[in-house]
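Biologist: Please take me slowly through one part of this model. I would like to see how a single strand is tied to its surroundings, with the cut-offs spelled out as you go.

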Amino acid sequence: MTITDLHTNEDDTSTVHFARVAGHIGADVTGVDLTRPLDPEVADAIVAGLHRHKVIFFRDQFIDHAQQIAFARNFGPVTASHPYDDDAPTDFPEILKIDNRDYERKFGVKAASYTNEWHTDVTALVNPPAVSILRAGNTPVRGGDTSWANLAAAYAGLPESIKELVDGLRAEHRFGGRHPVFKEGSNYGDKVARTPLIAEHPVVRVHPVTGEKILFVQPGFTSRIVGYSRRQSDALLDLLFEEVTNSAYTVRLRWREGTIAVWDNRATAHLAPGDVNHLDVARVLYRTTIEGDIPVGVDGASSVAISGEQFIGS
């Protein structure tokens, strides 16, 4: 069998094919059937491909909740759906339903997802998910795309003087970041107020597998730079967010039924769509997440929980 990266033409021993789809991030994966258990060498090839490409896409894979959870286990222990989710299917507590029609009830405002800002999943946890797997259910005929950014490329793109500054900094992460999309007193706002999740992470984390330096900040969760005044923190975060969201480091996916996206949550941020909030459409996706490690900075110092515990999978 042959593992093929269609950008580099590197060959090994599997039928898995990776076709790169953007300059810095993303690959389409073919040659696998996710309705069946994966052979160990195929699973290893997919995990290695994920680390290389940061986000990988599968098309025409019509799987159910149980099959999605089984596929997710190839990447590590699967967690419960979400720290604040109380709507997961009874038989499948690992499944988070992302339904644009539910967010007005939860948030008090129309939204297609948790936030319409760039974010890395649940970095308010001291151990944010390592990997996220998202499967299309109902998809609109137009709109509703998701984009991902390569945070290793974002770090590499910084001037050396900025790298030297941020390598030793820490940042606070909480739900909503500096500008929460959910309203105070809404269903979601009440949950966040009752059981706050807040973590302090290195601004630059070292990827535990690849060793890459990752610019680990994003608008959806990062609220401030520790030790800086609010004005100083906002100025520096604005500069870093501009690099994180640079379109040169991104890839964009048009969803259709049978589409599955898998991303390395330690090395990416992603952007949910804002172009369907005014439309009378249904956009339903199903997410599973893999238990994450506690981030470690360039200086070897680990993240710490300010409020909340680790989120453990099984």
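Modeller: Happily; what follows starts at one strand and works outwards to its sheet, its charged pairs and the core.

This is a predicted model, where local features need pLDDT of at least 70 and side-chain atom pairs count only at pLDDT 80 or more, while totals for chains, interfaces and linings use all residues. Residues are numbered from 1 along each chain as its sequence is written, and side-chain values use heavy atoms, with hydrogens and water left out.

Let us begin with strand 13, residues 222-225 (strands are DSSP runs of E with at least two residues, helices are runs of H or I with at least four, and both are numbered from the N terminus). It belongs to an open sheet of four strands in the order 13-9-10-18, paired antiparallel (two strands pair if DSSP finds at least two bridges between them). Strand 13 and strand 18 (304-307) are the edges, and each has a single partner strand, so one side of each lacks a neighbour in the sheet. On average, neighbouring strands here are turned by 30 degrees against each other, direction ignored (axes are lines fitted to C-alpha atoms).

The partner of strand 13 is strand 9, residues 170-174, and three bridges join them in the antiparallel sense. Here Glu172 stands opposite Arg224, and the side chains of these two residues also meet in a salt bridge, with 3.3 Å from N to O (a side-chain nitrogen of Lys or Arg within 4 Å of a carboxyl oxygen of Asp or Glu). The two residues are 52 apart in the chain. Glu172 is buried at 10% relative accessibility, whereas Arg224 is partly exposed at 28% (buried means under 20% relative accessible area, exposed over 50%, partly exposed in between, with a 1.4 Å probe and protein chains only). Side chains of opposite charge can pair when their charged atoms come close.

Strand 9 also leads to a second charged pair. Arg178, in the loop between strand 9 and helix 6 (187-194), is linked to Asp234 in helix 7, 56 residues away; their salt bridge spans 3.1 Å, N to O. Asp234 has a relative accessible area of 23% and is partly exposed, and Arg178 is partly exposed too, at 21%. Arg178 and Asp234 join Arg230 and Asp238 in a network of salt bridges. Across the model, the count of salt bridges comes to 18.

Now for the nonpolar side. The largest nonpolar core has 27 residues, and Leu158, Val166, Val203, Leu215, Val217, Ile225 and Leu240 touch the most other members (such a core is a set of buried Ala, Val, Leu, Ile, Met, Phe, Trp, Tyr and Cys residues joined through side-chain atoms within 4.5 Å). Helix 4 (151-156), helix 5 (160-166), strand 12 (213-215) and helix 7 (230-244) each supply at least two of its residues. In soluble globular proteins, nonpolar side chains tend to be buried together.

Val217 gives a good view of this core. Leaving aside neighbours within four places in sequence, Val217 is in contact with Ala171, His173, Val203, Thr222, Leu240, Phe241 and Val244 (contact means heavy atoms within 4.5 Å). Apart from this core lies another, of 26 residues, including Phe18, Val32, Val131 and Val262.

Conventions:
Axes fitted to C-alpha atoms, helices over the stretch in contact; angles between N-to-C directions.
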